[in-house]
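The following account leads the reader through the side-chain contacts of one protein chain, from a single cysteine to aromatic rings and charged pairs. Please keep the sequence and the model in view while reading.

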Amino acid sequence: MAYSLVVPPASHFHTSTLRSMASSILSRHLASSLRPSCGLSASGHRHQQTTAKRVEEVEFDGPCMKTEVPGPRSKILAQQLESIQSVVQVNFFCDYEESKGNYLVDVDGNRMLDVYTQIASIPIGYNHPALTKVMTDPKNMGTFVNRPALGMMPPEQFSEKLVNGLMAVAPKGFSRVQTMACGSCSNENAYKAIFIWYRNKMRGTPEPTPEEVRTSVINQVPGCPDLTLLSFMGGFHGRTLGCLATTHTKAIQKLDVPSFDWPIAPFPQLRYPLDQFERENAREEARCLEEAEDLIVKWNQKGRHVAGVVIEPIQAEGGDNHASFDFYRKLRGITKKHGCAFLVDEVQTGGGSTGKFWAHAHWGLDDPADIVSFSKKMLTGGYYQKDSFQPDKPFRIFNTWLGDHTKNLLLTEVIKVIKTENLLDQAKRSGKVMLEGLYDLQDKYPHLLSKARGIGTFCAIDVKDEDTRNLLLLKARNKGVVLGGCGTQSIRFRPALVFKEHHAHLFLDIFNDAIAELK
């Protein structure tokens, strides 16, 4: 079908040259021509004669929809599951064996372009050959059959896999990593590491007093000190008890659950595009930084010391809220000034989608963060830490598994693929197509869309209200694109790193069709 090209006002251009209209029309035509196909092709080689195609390049031509989603089979399975557990948040059931690359297949045979990827957690697409090779290698059988307590009895290859995996992509300034299972438990234990570090600093020794030992087991001070963490409105750091105290997004995540009384600072409410509102945004950021520092001072003065500050490079679940890199550099300076640990939560932003492996690498910090937590695209959870945050006694940071060694095997291969296929650069290129396309769409539908924003493929756009946003998600899904919401009225885009420019054009074409039906 035809795509109506809308050229946005000059204020939206980030370079001095106009985008090529002919190129845009051609790419839209290409995307449209792919949509009816239900076959396989060599991704990225539709206009070339090739004699040999790498296995990694073969994927589906485009979406192929047979029913509405959820379809009949999904509904039957939901009824079965409902007798065992809640299904109120279940969207549809998937056929992961049939899914491939950027495409997710459901149990009714619907094939959808996945621009959400299991809440940003699929690094290199579905069923990547490099990962299936790891799974089918007989020498890895013992690793997949047995799950060791890594903190006590790790396997022989554990150190090697950490060196070749997590440490091979460690953020600048880190030489230690602690593995965990998921994002919430990564942050939960990072918080504990911060509190232990802070108490050691306060008492001048890692050795507790007899009184601290005695009172700790009955939940009383001084053994359980009244320390706090400062977090930001709109931040999301997990759903476990400690993490919930620093999560400030939706009430449904916190309602009826006891929490800690910890300080909450305002996060900048910026205007987009950021480069067009630098003066106004700088004032807003200055206000938020001043309030954050005031909170640290006030809480310290009343004896409830702020041991650390936790923040996301981009507030993801809270609505894809951005701040300038300068904001984060200044916040780092405040934490140093007041002796607080600085924890950067990269659970959703880490792994390459912003065009750098770690989103906070864009900031240009002179002094690295103290702790960086991760999960999702990293397959395993955990956090990097400076040496001083490593407890000197056993079982202070501990659980049965401390992660999953099978994920370390897979992550090693993921990192190889990212490097050999230059997927960080790919994220930049695909992200440029996506963001420019979102600018086009918000200019075409200004009554529906606004605030297009992003770094790399880590993009989002606002819809006029929550109900319209939710309806648009359903319309897009039934046309063959899986998307996810965030905040109260935003749509977040989280494709895999193998998402290429032609996938971005295909997405924009289908997304345009879904939006047009809302008029």
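In which strand is the place of Cys459? The residue belongs to strand 13, which covers residues 458–463. The model under discussion is predicted, and every value below is computed from it. Cys459 has a relative accessible area of 0% and therefore counts as buried, the limit for that class being under 20%. Leaving aside neighbours within four places in sequence, Cys459 is in contact with Asp320, Gly431, Met434, Leu435, Leu438, Arg453, Gly454, Ile491, Arg492, Phe493 and Arg494. For one of these partners, Leu435, the C-alpha atom is separated from that of Cys459 by 6.9 Å, although the two positions lie 24 residues apart along the chain.

Other cysteines may be considered alongside this one. Cys340 is buried, with a relative accessible area of 3%, and Cys486 is buried as well, at 0%. How many disulfides does the structure contain? The count comes to zero. In general, a disulfide is a covalent bond between the sulfur atoms of two cysteines.

Arg494, one of the contacts of Cys459, also takes part in an arrangement with an aromatic ring. Arg494 lies over the face of Phe458, at 3.5 Å from the ring centre. A second charge is placed in a similar manner: Lys302 lies over the face of Trp299, at 3.8 Å from the ring centre.

The aromatic residues also pair with one another. A pair of aromatic rings is described by the distance of the centres and the angle of the planes. The count for this structure is 21 aromatic pairs. In the pair of Phe260 and Trp262, the ring centres are 4.8 Å apart and the planes meet at 10°, so the pair is stacked; the angle limit for that class is under 30 degrees. The two partners differ in exposure: Phe260 is partly exposed, with a relative accessible area of 47%, whereas Trp262 is buried, at 9%. Beyond single pairs, Phe232, Phe267, Phe327, Tyr328, Phe342 and Trp363 form one aromatic cluster.

Two members of that cluster lead to a polar residue. Gln315 touches Phe232 and Phe267, and its contacts also include Met233, Gly234, Gly235, Asp320 and Asn321, when residues up to four places away in sequence are not counted. Where is Gln315 placed in the chain? Gln315 is in the loop between strand 8 (306–311) and helix 11 (325–337). Is this loop residue buried or exposed? Gln315 is buried, with a relative accessible area of 1%. The side chain of Gln315 makes a polar contact with the side chain of Asn321, at 2.9 Å. Asp320, another contact of Gln315, is also in contact with Cys459, which returns the reader to the starting point.

The charged side chains remain to be described. The structure holds 29 salt bridges. One of them joins Lys337 to Glu293, with the closest N and O atoms 2.9 Å apart. This pair links distant parts of the chain, as Lys337 is in helix 11 and Glu293 is in helix 10 (residues 278–301), 44 residues apart. Lys337 is exposed, with a relative accessible area of 61%, while Glu293 is buried, at 19%.

Glu517 has a salt bridge with each of two lysines. The side chains of Lys475 and Glu517 meet at 3.3 Å, N to O. Lys475 lies in helix 14 (residues 466–478) and Glu517 in the segment after helix 15 (501–516), so this salt bridge ties together parts that are 42 residues apart in sequence. The side chains of Glu517 and Lys479 meet at 2.7 Å, N to O. Lys479 lies in the loop between helix 14 and strand 14 (481–482), so its pairing with Glu517 ties together parts that are 38 residues apart in sequence. Glu517 counts as partly exposed at 43% relative accessibility. Lys475 is partly exposed at 23%, and Lys479 also counts as partly exposed, at 23%. Elsewhere, salt bridges that share partners join Arg332, Lys336, Asp367, Asp370 and Lys386 into one network.

Note on methods:
Residues are numbered from 1 along each chain as its sequence is written. This is a predicted model: local features need pLDDT of at least 70, side-chain atom pairs count only at pLDDT 80 or more; totals for chains, interfaces and linings use all residues. Side-chain values use heavy atoms; hydrogens and water are left out. Rings of Phe, Tyr and Trp (its six-membered ring) pair if their centres lie within 6.5 Å; planes under 30 degrees apart count as stacked, over 60 as edge-to-face and the rest as tilted. Buried means under 20% relative accessible area, exposed over 50%, partly exposed in between (1.4 Å probe, protein chains only). A charge sits over a ring if NZ of Lys or CZ of Arg is within 6 Å of the ring centre and within 35 degrees of the ring normal. Helices (H or I, at least four residues) and strands (E, at least two) are DSSP runs, numbered from the N terminus. A polar contact is a pair of N or O atoms within 3.5 Å; within protein, one must be able to donate a hydrogen and the other to accept it, and residues adjacent in sequence count only if both atoms are side-chain atoms. Contact means heavy atoms within 4.5 Å. A salt bridge is a side-chain nitrogen of Lys or Arg within 4 Å of a carboxyl oxygen of Asp or Glu. A disulfide is a pair of cysteine sulfur atoms within 2.5 Å.
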